[in-house]
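Thanks for making time this morning. I would like to go through one structure with you, starting with its charged side chains and then turning to its nonpolar interior.

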Amino acid sequence: MVSKALQRLVSAVNRRRMKLLLGIALIAYVASVWGNFVNMSFLLNRSIQENGELKIERKIEEIVEPLREKIRDLEKSFTQKYPPVKFLSEKDRKRILVTGGAGFVGSHLTDKLMMDGHEVTVVDNFFTGRKRNVEHWIGHENFELINHDVVEPLYIEVDQIYHLASPASPPNYMYNPIKTLKTNTIGTLNMLGLAKRVSARLLLASTSEVYGDPEVHPQNEGYWGHVNPIGPRACYDEGKRAAETMCYAYMKQEGVEVRVARIFNTFGPRMHMNDGRVVSNFILQALQGEPLTVYGSGSQTRAFQYVSDLVNGLVALMNSNVSSPVNLGNPEEHTILEFAQLIKNLVGSRSEIQFLSEAQDDPQKRKPDIRKAKLMLGWEPVVPLEEGLNKAIHYFRKELEYQANNQYIPKPKPARIKKGRTRHN
């Protein structure tokens with residue numbers, strides 16, 4: 001009996017052991033399968049994550065690459081190649097102020113002074129000047145551009161002052177005659193005051209208009225002029241005459257070194273296309289196939305010089321010992337009608353010539369006597385008229401193409417006063 005009971009006990013223990021072993025084996029199997037599953041899930045999630053990150057990186061790269069291109073373009077623009085600039089030692093390099101330096105003549109003068117190696121500060125209120133005219137110098141260590149009206153005082157340190165600030169075409173200076181007078185009187189006083197304070201030499205850009213409608217032909221520097229002091233052009237003519245008077249008062253009373261250039265008709269690239277001057281009007285009308293407008297009979301005479309000749313004359317005068325006024329112009333005289341026909345031929349235009357009523361106080365003759373400039377400055381114009389006109393025509397044609405793309409076509413301004421306009425002076 002005992003033996004059977006023992007056998008039954010051993011058998012029961014063995015069965016329980018087997019169940020336990022089977023349970024343990026089952027648990028181990030499940031754990032193994034679960035581990036593989038978890039591991040596979042981890043690997044799968046990691047793969048999905050990596051693929052997602054790769055796609056995101058690719059998308060970011062697609063977005064960023066154009067930005068990188070723009071940055072490279074900006075870097076190129078910031079590291080632009082300026083026109084060649086001569087190196088000057090400290091003792092030869094001058095600090096030069098050019099008022100009206102973003103205008104037609106002023107910007108060409110700025111180019112020459114910069115390329116000669118000087119430090120140039122351009123002051124302009126951008127009434128007729130444009131930043132486009134000097135933008136190729138922006139960022140250069142020798143160049144500074146200041147938005148400033150010379151009617152307000154200016155305090156800087158300079159060695160030379162080229163005072164060119166003033167509207168110079170009839171529609172522009174007649175547009176606001178009081179402002180024109182202020183610029184040529186108060187503005188000139190401010191620049192003379194600056195020249196006195198810092199012991200700088202000042203060159204005044206005067207004009208052949210100080211001769212008015214001349215009774216002497218050609219006009220020499222000793223001629224006093226024939227000017228209507230209350231006519232529509234008087235704000236400019238008398239403003240410049242007063243500016244010359246101020247210069248010589250400062251020279252005699254305060255010892256300021258002054259130079260006075262009486263500038264005759266000048267043309268070239270960077271002229272405003274619709275500023276109402278003869279050259280810009282004729283070229284613009286010829287290029288657009290419109291009638292060339294001649295005021296009066298067309299028998300009035302003018303003498304036109306290319307802008308580079310004028311700039312060379314201004315620099316020569318500034319650096320000379322000549323303190324009395326000097327004519328700077330081209331003595332080659334043409335009637336307005338001859339000039340209109342010449343531009344028609346150079347452009348290849350079929351435009352007609354249209355005669356309009358003569359403008360008030362329009363000078364009948366204008367021709368400079370430049371013997372003084374030849375003798376004392378060794379200067380005379382060298383650019384032939386047709387060569388200069390072809391350069392101006394090329395510039396105007398490019399401007400028309402540019403403005404056509406921007407849906408703006410300029411129209412020549414008539415040489416008349418605009419009435420009834422209220423403006424801040």
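How many salt bridges does a search of the whole structure find? The search finds 19 of them, and I should say at once that what you have in front of you is a predicted model, so please take every value I quote as computed from that model.

Let me take a few of these pairs in turn. Asp-369 and Arg-371 are joined by a salt bridge, with a distance of 2.7 Å from N to O. The two partners sit in contrasting surroundings, because Asp-369 is buried, at 9% relative accessibility, whereas Arg-371 is exposed, with a relative accessible area of 61%.

Next comes a pair formed by Lys-91 and Asp-92, whose closest N and O atoms are 3.4 Å apart. Here Lys-91 counts as exposed at 72% relative accessibility, while Asp-92, at 35%, is partly exposed.

The third pair is Glu-387 with Lys-391, where the N to O distance is 3.6 Å. Both residues belong to helix 10, which covers residues 385-405, and they are four residues apart, about one turn of the helix. Glu-387 has a relative accessible area of 38% and is partly exposed, and Lys-391, with 37%, is partly exposed as well.

Salt bridges also link residues beyond simple pairs, since there is a network that connects Glu-90, Arg-93 and Glu-119.

Now to the nonpolar interior. In soluble globular proteins, nonpolar side chains tend to be buried together. In this model the largest nonpolar core has 60 residues, and those with the most contacts inside it are Tyr-162, Phe-267, Leu-314 and Leu-328. If we set aside its neighbours within four places in sequence, Leu-314 is in contact with Val-105, Tyr-162, Leu-203, Ala-261, Ile-263 and Leu-328. There is also a second, separate core, made up of 23 residues, which includes Ile-146, Ile-161, Ala-165 and Cys-247.

That last residue brings me to the cysteines. Cys-247 is buried, at 0% relative accessibility, and Cys-235 is buried too, with a relative accessible area of 6%. As for disulfides, with a cut-off of 2.5 Å between cysteine sulfur atoms, the count comes to zero.

To draw this together, I would keep in mind the 19 salt bridges, the largest nonpolar core with its 60 residues, and the separate core of 23 residues. I am happy to go back to any of these pairs on the screen.

Terms used. Residues are numbered from 1 along each chain as its sequence is written. This is a predicted model: local features need pLDDT of at least 70, side-chain atom pairs count only at pLDDT 80 or more; totals for chains, interfaces and linings use all residues. Side-chain values use heavy atoms; hydrogens and water are left out. Buried means under 20% relative accessible area, exposed over 50%, partly exposed in between (1.4 Å probe, protein chains only). A salt bridge is a side-chain nitrogen of Lys or Arg within 4 Å of a carboxyl oxygen of Asp or Glu. Helices (H or I, at least four residues) and strands (E, at least two) are DSSP runs, numbered from the N terminus. A nonpolar core is a set of buried Ala, Val, Leu, Ile, Met, Phe, Trp, Tyr and Cys residues joined through side-chain atoms within 4.5 Å. Contact means heavy atoms within 4.5 Å.
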